Amino acid sequence: MVDSATAQAPGFHRFTVGAFEVIALHDGVITRDRPAGFVPNASDEEVGEAFATAGMPRDKLTITFTALAIKTPGGVVLIDTGLGDGGPPGTGTLTANLAAAGIQPGDVKTVVISHFHGDHIGGLQLKDGTPRFVNADLLVPEKEWAFWMDDAKMEAAGEAAKGNFGLCRKIFGPVADKVRKFAWDEEFLPGFTAVRANGHTPGMSAIRIASDDGVMMFVADITNNPLIFARHPDWQAMFDMDPAETITTRKRILDQAAAEKMRVSFFHAPFPATGFIVKTGTGYEFLPALWTAS
Ligand SMILES: [Zn+2]
């Protein structure tokens, strides 16, 4: 039962890119004490100061999750799935928000995955293993598949990473024959082109979305919260698997977004997580797009 005295509006927000309607979908929030060493190459004091400057509690870490659904002439495309029904309390709201926007899971024609972390793939299945998007084709970055589905890499991985290898087998094992893999620079669906964005994970892909004269890019996890990591582009996050490559990728994509004045959508920016990038003296600033009715 939703308590109308305290409930928020449903977490979706529509905008257009050419003939496509793009819908940002909120999958919830987690907040915890910020772990020591969250930014391994800056002091906890500096990082606390950056959080305070961004209007956030100095010692907490709040992570938000925002996927995209895109209505195209070829059907509804979902980019990333959120955590699903097995995540921490306060997450897994994607399907409720999708329904609030008028779309049922069975209406999704294609699911595109940016990378294989649980907050991006967990929603492909219900907790009991039932597939959620039963009518959808599944498109994934080929380099991401090659890494996480390689048993030798799993054997060689540390304990922390082993859990994610296991998750990939649980999620993709039952549907392995339905998965189609795409390469960087490939237009894998009309208007959807994969962009190299590795570093955070070995095969992460951003997605360039173009229709008529409209263009945008879903930039996945090139930053965690851009209020921290676009402002401090040389800072690593503890989630980044290859810190040096993460930073190279981040700067390349943010430079491009700034130069082209192109709309971007982040997965971990404040909802609805979409806007523009400008360069500053020391880094980049994320400018939220105007919230308009059309
Ligand atoms: Zn993520």
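The legends below accompany several close-up views of a predicted model.

Residue numbers start at 1 and follow each chain as its sequence is written. In this predicted model, local features need pLDDT of at least 70 and side-chain atom pairs count only at pLDDT 80 or more, while totals for chains, interfaces and linings use all residues.

**View 1. The whole chain, with its eight helices and 14 strands.** Helices (H or I, at least four residues) and strands (E, at least two) are DSSP runs, numbered from the N terminus. The C-alpha atoms fill a box of roughly 50 × 50 × 45 Å along the principal axes. The radius of gyration is 18 Å, which agrees with the value near 19 Å for a compact globule of 294 residues; this radius is taken over C-alpha atoms, and the globule rule is 2.2 Å times the number of residues to the power 0.38. Buried residues make up 43% of the 294 residues. A residue counts as buried if 20 or more other C-beta atoms lie within 10 Å of its own, as exposed if 12 or fewer do, and as partly exposed in between, with C-beta atoms placed from the backbone. Of the contacts between residues at least 6 apart in sequence, 67% join residues at least 24 apart; a contact means that the C-beta atoms of two residues, placed from the backbone, lie within 7 Å.

**View 2. The largest nonpolar core, a set of 71 residues.** Such a core is a set of buried Ala, Val, Leu, Ile, Met, Phe, Trp, Tyr and Cys residues joined through C-beta atoms within 7 Å. Look for Leu68, Ala206 and Ile207, the residues with the most contacts inside this core. Setting aside residues up to four places away in sequence, Leu68 touches Val22, Ile23, Ala24, Leu25, Ile79, Phe218 and Ser265. In soluble globular proteins, nonpolar side chains tend to be buried together.

**View 3. The open sheet that runs from β1 to β7.** Seven strands follow the order β1-β2-β3-β4-β5-β6-β7, with mixed pairing. Its edge strands, β1 (12-17) and β7 (179-182), each pair on one side only. Two strands are said to pair if DSSP finds at least two bridges between them. Neighbouring strands here are turned by 25° against each other on average, direction ignored; axes are lines fitted to C-alpha atoms, for helices over the stretch in contact, and angles run from 0 to 180 degrees between N-to-C directions. Inside the sheet, β2 (residues 20-33) and β3 (residues 60-72) run antiparallel and are joined by 11 bridges. One place to zoom in is Ile30, whose bridge partner in β3 is Ile63.

**View 4. A second open sheet, from β8 to β14, with helix α8 packed on it.** This sheet also has seven strands and mixed pairing, in the order β8-β9-β10-β11-β12-β13-β14. At its edges, β8 (187-189) and β14 (284-288) each pair on one side only. The average turn between neighbouring strands is 35°, direction ignored. Helix α8 (residues 243-260) touches β10, β11, β12, β13 and β14, and its direction makes about 95° with that of β13. Five bridges join the antiparallel strands β9 (residues 192-196) and β10 (residues 205-211), and Arg196 has Ser205 as its bridge partner in β10.

**View 5. Strand β12 (residues 263-266) and the strands beside it.** Arg263 and Ser265 point one way while Val264 and Phe266 point the other, and all are buried. Strand β11 (residues 214-220) runs parallel to β12, with four bridges between them; here Ala220 stands opposite Phe266. Strand β13 (residues 274-279) runs antiparallel to β12, with two bridges, and Ser265 has Thr274 as its bridge partner in β13.

**View 6. Helix α1 (residues 44-53) and its buried face.** Val47, Ala50 and Phe51 are buried. Seen down the axis of α1, the buried residues fall within an arc of 100°, so they line one face of the helix; the arc is that of the directions from the helix axis to the C-beta atoms. Turned away from this buried side are the exposed residues Glu45, Ala52 and Thr53. The cover over the buried residues includes α7 (226-229). After α1 comes Gly55, with a positive phi near 80°.

**View 7. Thr246, a buried residue in helix α8.** Thr246 has 25 other C-beta atoms within 10 Å. Apart from neighbours within four places in sequence, Thr246 is in contact with Gly199, His200, Gln236 and Asp240.
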